Amino acid sequence: MTKSFYITTPIYYPSGKLHIGSAYTTIACDVLARYKRMMNYDVFYLTGLDEHGQKIQQKAEEAGITPQAYVDGMAVGVKELWQLLDISYDKFIRTTDDYHEKVVAQVFERLLAQDDIYSGEYSGWYSVSDEEFFTESQLAEVYRDENGKVVGGVAPSGHEVEWVSEESYFLRLSKYQDRLVEFFKSQPDFITPDGRLNEMLKNFIEPGLEDLAVSRTTFTWGVPVPSNPKHVVYVWIDALLNYVTALGYDQEQHGNFDKFWNGTVFHMVGKDILRFHSIYWPILLMMLDVKLPERLIAHGWFVMKDGKMSKSKGNVIYPEMLVERFGLDPLRYYLMRSLPVGSDGTFTPEDYVARINYELANDLGNLLNRTVAMINKYFGGQVPAYVENVTAFDADLAKVVEENIAEYHKQMNAVDYPRALEAVWNIISRTNKYIDETAPWVLAKEDGDKEQLAAVMAHLAASLRVVAHLIQPFMMNTSNAIMEQLGLDLDFDLENLTLAGFPENVTVVAKGTPIFPRLDMDEEIAYIQSQMTAGKPQEKEWIPEEVELKSEKDEIKFEDFDKVEIRVAEVKEVERVEGSDKLLRFRLDAGDGEDRQILSGIAKFYPNEQELVGKKLQIVANLKPRKMMKKYVSQGMILSAEHGDQLTVLTVDPSVPNGSIIG
């Protein structure tokens, strides 16, 4: 019986050009889809666009076109990008598709009828960019007038919020809280990687789920509520239902839904939308009495040395540029090899070029070149028959290959691509070492051993065939090129892959072509950097006071020093400030009952700023608040120590309570 497997990307919001973050998710799902197909699963791979909402309506108005015309144009560009990246999706859904809109309306009315949706009024802080409401306590920053009244603020994403008060429909999340917790306890592997599930429980569920506003009346670009058309269905019900409507849920043609939703279902998303997929989506499925997915994979982000990608910083990387310059396979390889499971990865031009030169050109490309050249030189291009245990090194090579094939499958099923590729490179490294151990150039001499030489050539060709199979989901062109240079048909079978499975009577190509020519490191690094900064606004760099060059200070009296209040404060959150290469924005608990925000110009000294979360720092707590970057208020100063050209924040023992006075 054929096994079915359903894999989905999030549906992307088409408000701008997609960078390598979106490319990562889409390629990661493509790798899994290709792998499962090679393992003889019947696979359905879904991707698409989330095309409704206030932000789209505003973008269209700014462009002087209709929202439909706007999203139609964006869809063309995204499909072209997925074609460039050779994404093997089975369906591309758009939430403006008529069948999807019809089901969204039907589901809304059904939930309304069964009292899982009810009408009320919502008042709260709303971010158009995030399409999300926030309570005051959830805001990263609040703006107050002269009377102390909150008049605005900034969402955790850094986007501005506005006060919205309107009639709304609500989804009864609170009714399903206990059932969701029970599901999490019974399916501890539902959310991967480790730690993400506990994060959802601790931060969002245990404090108590609030019912969710699921309609809007302040814009019209969405699915109208049939029984009350002045409302449009709010983004998350509309967007999340795409995963089932694409398969035919609640439609006449529902064969794919019966087949694939009842098989194994995997969703892959970025960590920033985990809450919607781990809380709202399971509860919505519970309301509809539909089986829940088997796995929700929430990966980290690719960030730059100076934080998240931003056009204003001039650090955005677009996949088109990398493919045009270096080819598709290096991009797919780099993205899948470089993002650690469970954390963020840092993209640097240096690392990108280095991986091409050392891992692809040196390790893999050179192994293929040498093997094809030696088989042509010593055996006229004919690959000798594979015979086991002829040289003293054959058995160990075979053992390493067998162990790493098993490890590869284990990590692919865990969706841990860096470790899966590490297993492949273990085989490549061991095969390169095998050449040095057997010294075929010595065996080829007149008084050498032709039988051992033949065995060495057979083992080299067989090892490369194994590698070609294992990298096929990641680097299709490279995999095909290896097979073709070895004289093999492009038939791939991962289920029965062995070193001894090399066919007989095979002739390699007369002259191999390097699959990864070596690059000039300095030239290519400079090229990537030039592309990153091409669109960066040329503005005067603003230097915060904390990192201005310091001169020798005058002596002060004790009374002056005694005015300074230094407290212990725990870092709750930290993020880079958009528009500045130097600033980090901290949310800290200084033990005075209310979290405070401090901006500090130390970003270049902490390329992975998240390492500061949870640390207890020393802050000047009674420094007069000041406006920074026109829209942020900094409520103190973080103390640090300079040593040479380095800077380190001053920490205290974790056992010291927050708010303790340092004196």
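## Two helices at a steep angle

Helix axes that meet at 65 to 115 degrees count as roughly perpendicular. Keep that cut-off in mind as you look at this model, which is a predicted one. Take helix H5 (residues 177–186) and helix H10 (residues 274–287): their axes cross at roughly 105° and come within 10 Å. That angle falls between 65 and 115 degrees, so H5 and H10 are roughly perpendicular to each other.

Which residues of H5 and H10 meet? On the H5 side you'll find Arg179, Leu180, Phe183 and Phe184, and they meet Ser278, Ile279, Pro282, Ile283 and Met286 of H10. Sort the residues of this contact by character and you get seven nonpolar, one polar and one charged.

## A second helix pair

Now try helix H1 (residues 20–38) and helix H14 (residues 394–413). Their axes are 11 Å apart, and the two pack at an angle of about 125°. This makes H1 oblique to H14, because 125° is outside the 65 to 115 degree range and not over 145. If you're curious about handedness, H1 passes H14 in a left-handed crossing.

H1 brings Val31, Leu32, Tyr35 and Lys36 to the contact, while H14 brings Tyr408, His409, Met412 and Asn413. Here the split is five nonpolar, two polar and one charged.

## Following strand S8

Strand S8 (residues 160–171) is a handy one to trace, since several strands pair with it. Strand S4 (residues 117–127) runs antiparallel to S8, and 10 bridges link the two. To find a spot on this pairing, look for Ser123, which sits opposite Ser165 in S8.

Strand S7 (residues 150–154) is also antiparallel to S8, with two bridges between them. Gly153 has Val161 of S8 as its bridge partner. S7 and S8 make a hairpin with five residues in between, and in that turn Gly158 has a positive phi of about 100°. Then there's strand S10 (residues 212–213), joined to S8 by two bridges, again antiparallel. In that pairing, Phe170 faces Ala213 of S10.

## A parallel sheet

In what order do the strands of the six-stranded open sheet come? Reading across, it goes S3-S2-S1-S13-S14-S9, with parallel pairing. Strand S3 (91–94) and S9 are the edge strands, and each of them pairs on one side only.

Inside the sheet, strand S1 (residues 3–8) runs parallel to strand S13 (residues 264–270), and four bridges join them. Ile7 is the residue to spot here, standing opposite Phe266 in S13. There's a helix to see as well: helix H3 (residues 67–84) lies across strand S2 (41–49) and S3, running at about 160° to S3.

## Two backbone oddities

Where is the cis peptide bond from Thr192 to Pro193 found? Pro193 belongs to the loop between strand S9 (191–192) and helix H6 (196–205), and the omega of this cis bond is near 5°.

The other spot is Asp115, in the loop between helix H4 (98–113) and S4. Its phi is near 65°, a positive value in a residue that isn't glycine.

## The domains

Finally, step back to the whole chain. The domain assignment of the protein gives domain 1 as 4–108 + 235–299, domain 2 as 110–215, domain 3 as 361–517 and domain 4 as 558–662. The C-alpha centres of domain 1 and domain 4 are 40 Å apart.

Key
Residues are numbered from 1 along each chain as its sequence is written. This is a predicted model: local features need pLDDT of at least 70, side-chain atom pairs count only at pLDDT 80 or more; totals for chains, interfaces and linings use all residues. Side-chain values use heavy atoms; hydrogens and water are left out. Two strands pair if DSSP finds at least two bridges between them. Domain bounds come from an automatic or database domain assignment. Axes are lines fitted to C-alpha atoms, for helices over the stretch in contact, and angles run from 0 to 180 degrees between N-to-C directions. Angles under 35 degrees count as roughly parallel, over 145 as roughly antiparallel, 65 to 115 as roughly perpendicular and the rest as oblique. A crossing is left-handed if the near helix is turned anticlockwise from the far one by less than a right angle, and right-handed if clockwise. Contact means heavy atoms within 4.5 Å. Ala, Val, Leu, Ile, Met, Phe, Trp, Tyr, Cys and Pro count as nonpolar, Asp, Glu, Lys and Arg as charged, and the others, Gly among them, as polar.
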